[in-house]
Amino acid sequence: MDTPELAALIPGLMVGHPVHEWTLTSGRVPGEDLVVTLSPVASPERTATVRVFEGAEVFIFEFAGHDSVDFADDDNDRPEVLQERIDLAAAATLGPTRVTLDRAGGIVFGSTLVIDPDGPSPREDFGGSRPLRRLKARLRRRRIIRQVIDFPAIGSK
């Protein structure tokens, strides 16, 4: 299963998210990464991206500086992993969501996303930890900061 085949699944996968607008920006032809952006109709500035690299094994979710990766080596697993990434993106954009970024200068070297952080069952998604970037920042004596961004639930701004 390649990216054009996964791209053909997007309309069906988005049916479960009727309050979202989405755009397939690439991935319709062989050799392209699949890139889908989505945002709630009520809050279009909350944009998330789901990217599937050309080989269709690496699936990335990005929102508010946070990014995380999932993998699917088997063709049968790829639609399920794509659905999981889309569901995560949709939930993150609706909120309440907390994004925590660890950074030095403009470089993020770790992130965490928590959907419904104060609720009974928060859902966590951990971004790529980049220890070499952290070490490099420390060696250069750059100030390391933790930035926390809270997105209230849509409708409770």
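A residue counts as buried when its relative accessible area is under 20%. In this predicted model, Arg 78 has a relative accessible area of 5% and is therefore buried. Arg 78 forms a salt bridge with Glu 57, with an N to O distance of 3.5 Å. Glu 57 lies in the loop between S3 and S4 and Arg 78 in helix H2, so the contact ties together parts that are 21 residues apart in sequence. Unlike the buried Arg 78, Glu 57 is partly exposed, at 37%.

The count of salt bridges comes to 6. One of them joins Asp 150 and Arg 98, whose closest N and O atoms are 2.7 Å apart. This pair links strand S9, which holds Asp 150, to strand S6 (residues 97–104), which holds Arg 98, across 52 residues. Both partners are partly exposed, Asp 150 at 45% and Arg 98 at 27%. Through shared partners, salt bridges also join Glu 57, Asp 75 and Arg 78 into one network.

The count of aromatic pairs comes to 1. The pair consists of Phe 63 and Phe 151 in a tilted arrangement, 5.0 Å centre to centre with 50° between the planes. Phe 63 belongs to strand S4 (residues 58–63) and Phe 151 to strand S9 (residues 144–151), and the two are 88 residues apart. Phe 63 is buried at 3% relative accessibility, and Phe 151 is buried at 17%.

At the surface, Asp 73, Asp 74, Asp 77, Glu 80 and Glu 84 form a negative patch. Asp 77 is located in the loop between strand S5 (66–71) and helix H2 (78–94) and is partly exposed, with a relative accessible area of 38%.

Note on methods. Residues are numbered from 1 along each chain as its sequence is written. This is a predicted model: local features need pLDDT of at least 70, side-chain atom pairs count only at pLDDT 80 or more; totals for chains, interfaces and linings use all residues. Side-chain values use heavy atoms; hydrogens and water are left out. Patches are made of residues with over 30% relative accessible area and no salt bridge: like charges are joined within 9 Å, nonpolar side chains (Val, Leu, Ile, Met, Phe, Trp, Tyr) within 5 Å. Accessible areas come from the Shrake-Rupley method with a 1.4 Å probe; for residues, only the protein chains shown count as cover. A salt bridge is a side-chain nitrogen of Lys or Arg within 4 Å of a carboxyl oxygen of Asp or Glu. Lys and Arg count as positive and Asp and Glu as negative; His and the chain ends are not counted. The place of a charge is taken as NZ of Lys, CZ of Arg, CG of Asp or CD of Glu. Helices (H or I, at least four residues) and strands (E, at least two) are DSSP runs, numbered from the N terminus. Buried means under 20% relative accessible area, exposed over 50%, partly exposed in between (1.4 Å probe, protein chains only). Rings of Phe, Tyr and Trp (its six-membered ring) pair if their centres lie within 6.5 Å; planes under 30 degrees apart count as stacked, over 60 as edge-to-face and the rest as tilted.
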